[in-house]
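Here are a few exercises to work through with the model open in your viewer. Try each task before you read the solution under it.

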Amino acid sequence: MDVCSSQVGSAPSYICDHRAVLARRILLFCSIVLLAAALSSALTTSTRDDGQDAVAPPVAAAAPPTARVTAALPDDATVSAQVGDVVELNVTADEPERVEIRDLGVDAVVGPGLPAKLLVVTDRAGEFAVTLRYSGREIGTLTVTDR
C-alpha cells in the first residue's frame with residue numbers, strides 16, 4: 001500500500017511530490033549517463049586487445065594478368081593458357097543449358113540465341129573440363145600450365 005494513496009493516515013502531499021521529483025531526477029541522470037556513454041563511444045577509436053590501434057592489414061598487390069586468351073566452344077576443343085592469363089570462353093549451345101568449369105567455380109547460362117561468355121583469371125595449373133551441366137556433356141578442356 002502506497003503512503004500517498006492511503007486514506008487513513010495519509011502522508012502530506014509534499015512527500016508524494018518529492019518522490020515524483022526524485023524519480024524524474026534519477027531518470028534524467030540515467031539518460032544523461034547513457035547519452036555521454038554513446039557520445040564517448042562514437043568519438044573514440046577502436047583498439048585491439050594488445051592496446052595498439054587497429055590498422056587494416058596491407059593489401060598484397062596482385063600481379064596484372066599478362067595475356068588474354070580467347071576461344072569459342074564447342075568449336076575449339078582444347079584451350080591452352082598459362083597461370084595468370086585472362087581466359088575468355090565464348091560458348092554456344094543448341095538447347096537451354098548452363099555451361100560450367102566446376103573446378104574453377106565459374107558458370108553461365110547459355111542457349112539458342114543466348115551465347116555465354118566465361119571470363120577466368122587462371123590462378124593455378126591443371127586441366128579443367130568445360131561441361132554443360134544439365135546434359136553432362138563435356139564440350140572442351142581448359143589446359144593451364146605454369147609460366
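**Exercises on a predicted model**

**Exercise 1.** In this predicted model, find what Leu 89 is in contact with, leaving aside its neighbours within four places in sequence.

*Solution.* Start at Leu 89 and skip those sequence neighbours: you should land on Ala 71, Leu 73, Val 79, Ile 101, Ala 116, Lys 117, Leu 118 and Val 130. Next, look at the largest nonpolar core, which has 24 residues. Leu 89 is one of those touching the most other members, along with Val 79, Val 91, Val 99, Ile 101 and Leu 142. Finally, ask who supplies this core: strands S1 (68-73), S2 (78-82), S3 (86-91), S4 (97-101), S5 (106-110), S6 (116-121), S7 (126-132) and S8 (138-145) each give two or more residues.

**Exercise 2.** Work out whether Glu 88 is buried or exposed, and which side chain it joins through a polar contact.

*Solution.* First, locate Glu 88 in strand S3. Its relative accessible area is 10%; buried means under 20%, so Glu 88 counts as buried. Now check the side chain: a polar contact of 2.7 Å links it to the side chain of Arg 68. Arg 68 also turns up in the wider contact list of Glu 88, beyond four places in sequence, with Val 69, Thr 70, Ala 71, Lys 117, Leu 118 and Leu 119.

**Exercise 3.** Lay out the elements of the protein chain in order from the N terminus.

*Solution.* Count first: there is 1 helix, and there are 8 strands. Then read along from the N terminus, and you get α-β-β-β-β-β-β-β-β. To round things off, check burial: 26% of the 147 residues are buried.

Conventions:
Residues are numbered from 1 along each chain as its sequence is written. This is a predicted model: local features need pLDDT of at least 70, side-chain atom pairs count only at pLDDT 80 or more; totals for chains, interfaces and linings use all residues. Side-chain values use heavy atoms; hydrogens and water are left out. A nonpolar core is a set of buried Ala, Val, Leu, Ile, Met, Phe, Trp, Tyr and Cys residues joined through side-chain atoms within 4.5 Å. Buried means under 20% relative accessible area, exposed over 50%, partly exposed in between (1.4 Å probe, protein chains only). Helices (H or I, at least four residues) and strands (E, at least two) are DSSP runs, numbered from the N terminus. Contact means heavy atoms within 4.5 Å. A polar contact is a pair of N or O atoms within 3.5 Å; within protein, one must be able to donate a hydrogen and the other to accept it, and residues adjacent in sequence count only if both atoms are side-chain atoms.
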